[in-house]
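I sat down with a fresh notebook page to look up a helix and some charged pairs. My jottings follow the structure below.

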Amino acid sequence: DLINDGFEINPYDPCVANKIVNGKQLTVAWHVDDLKGSHVQTAVTDKFLQWVKDTYGSIGEVKTTRGKIHDYLRMKLDYTKPGEVAIDMIDYLKTMIASFPQSWWIGGRGTGKVASPWNENLFKVNPNSPPLPKEKAEIFHSTVAQGLFACKRGRPDISPAIAFLTTRVKAPTQDDLGKLVRMMTWIRQTVGDRLVLKADGSWTLKWHVDAAFAVHPDFRSHTGATMTMGQGAISSTSKKQGMNSRSSTEAELIAADEVSGNMIWTKLFLEAQGYPIKQNILYQDNTSTIQLESNGRKSVGKRSRHLNIRLFFITDQK
């Protein structure tokens with residue numbers, strides 16, 4: 001229907017469409033039957049809204065919100081401050097907190113405090129910890145799923161904890177529950193925090209990528225990455241690496257390889273949206289890895305000659 005109305009689908013995301021109206025871009029993004037449209041002229045959005053009602057009103061009522069604040073997919077998108085958007089999931093997190101069993105809180109009834117969502121034991125699995133009974137295991141699974149939803153939208157600060165806890169939902173133990181309680185205690189302490197995104201006008205994508213070497217029980221490393229265009233993490237990831245590495249240098253190289261696909265896709269998507277990206281920068285703090293990424297096989301030594309050629313894909317993209 002959108003194509004027939006003159007819209008062009010973004011080739012890198014089939015749920016985003018654009019149309020030039022009065023010399024400015026009308027953008028529509030959707031998830032199932034939840035649409036979000038934007039244009040600088042109110043009259044254009046009025047006309048598009050009427051088109052939606054005329055096209056789909058016979059199926060059901062078309063409910064709308066207009067203005068600077070929108071509830072969208074359990075997020076409150078706040079455009080009140082010019083030039084930025086705040087992603088507010090406070091109400092969603094309050095629901096998580098309210099449904100969390102009171103007896104599980106640190107200090108009883110949620111009076112305890114923690115300094116971070118996890119500690120140095122996050123990725124350690126205690127084989128002697130007793131399994132949770134079925135009822136507790138189901139609550140554990142449900143709470144982790146809620147946390148996964150939140151961290152992928154407005155609370156990326158809990159991503160490492162979620163990355164581990166999602167691997168434990170099939171057979172959680174008492175030790176795993178302690179890690180979930182710590183994360184929930186952090187959420188309760190910081191329930192009012194919002195993710196604020198702002199572009200600095202440089203048309204530069206800045207990706208900060210790092211790896212924690214051999215921190216998992218099977219000695220695989222962990223990748224962490226964020227992308228910003230000025231302020232706030234527009235994109236972020238925290239995941240266990242898909243292969244074992246023999247050094248921190250190799251772990252950093254694997255991290256860059258895992259993120260490189262998203263780096264390329266993001267640039268192509270934004271350019272298809274009409275935003276000319278000037279630079280797409282990968283930041284790392286390991287000199288040896290940077291040399292391998294920059295020079296490819298020319299920088300391979302005795303300790304890195306075994307690396308699969310696919311890990312030098314990023315060399316071709318510089």
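These entries go through one helix and then the salt bridges.

**Entry 1: the model.** I note at the start that this is a predicted model.

**Entry 2: helix H6.** I looked up where H6 runs, and found residues 248-272, which makes 25 residues. From first C-alpha to last, H6 reaches 36 Å, close to the 36 Å expected at 1.5 Å a residue. Where is the kink in H6 centred? I found it at Val259, with an angle of about 35°. Just past the helix I checked Gly274, which follows H6 and has a positive phi, near 95°.

**Entry 3: a pair inside H6.** Staying with this helix, I looked up Glu271 and found a salt bridge to Lys267, with the closest N and O atoms 2.7 Å apart. Both residues sit in H6, four residues apart, which is about one turn of the helix. Why might such a spacing suit a pair? An α-helix has 3.6 residues a turn, so residues three or four places apart point the same way. I also checked accessibility: Glu271 is partly exposed at 32%, and Lys267 is partly exposed at 27%.

**Entry 4: the salt-bridge count.** How many salt bridges does the model hold? The count I have is nine. As a reminder to myself, side chains of opposite charge can pair when their charged atoms come close.

**Entry 5: Lys19 and Asp5.** I looked at this salt bridge next, where the N to O distance is 3.3 Å. Lys19 lies in strand S2 (residues 16-21), while Asp5 is in the segment before strand S1 (8-9), so the pair ties together parts that are 14 residues apart in sequence. Lys19 counts as partly exposed, with 23% relative accessibility. Asp5 is partly exposed too, with a relative accessible area of 27%.

**Entry 6: Asp157 and Arg155.** These two side chains meet in a salt bridge at 2.8 Å, N to O. Is Arg155 buried or exposed? I have it as buried, because its relative accessibility is 4% and the cut-off for buried is under 20%. Its partner Asp157 comes out as partly exposed, at 28%.

**Entry 7: a network.** My last look-up was a group of three: Asp218, Arg220 and Lys240 are linked in a network of salt bridges.

Conventions. Residues are numbered from 1 along each chain as its sequence is written. This is a predicted model: local features need pLDDT of at least 70, side-chain atom pairs count only at pLDDT 80 or more; totals for chains, interfaces and linings use all residues. Side-chain values use heavy atoms; hydrogens and water are left out. Helices (H or I, at least four residues) and strands (E, at least two) are DSSP runs, numbered from the N terminus. The expected span of a helix is 1.5 Å times one less than its number of residues. The bend at a residue is the angle between axes fitted to the seven residues ending there and the seven starting there. A salt bridge is a side-chain nitrogen of Lys or Arg within 4 Å of a carboxyl oxygen of Asp or Glu. Buried means under 20% relative accessible area, exposed over 50%, partly exposed in between (1.4 Å probe, protein chains only).
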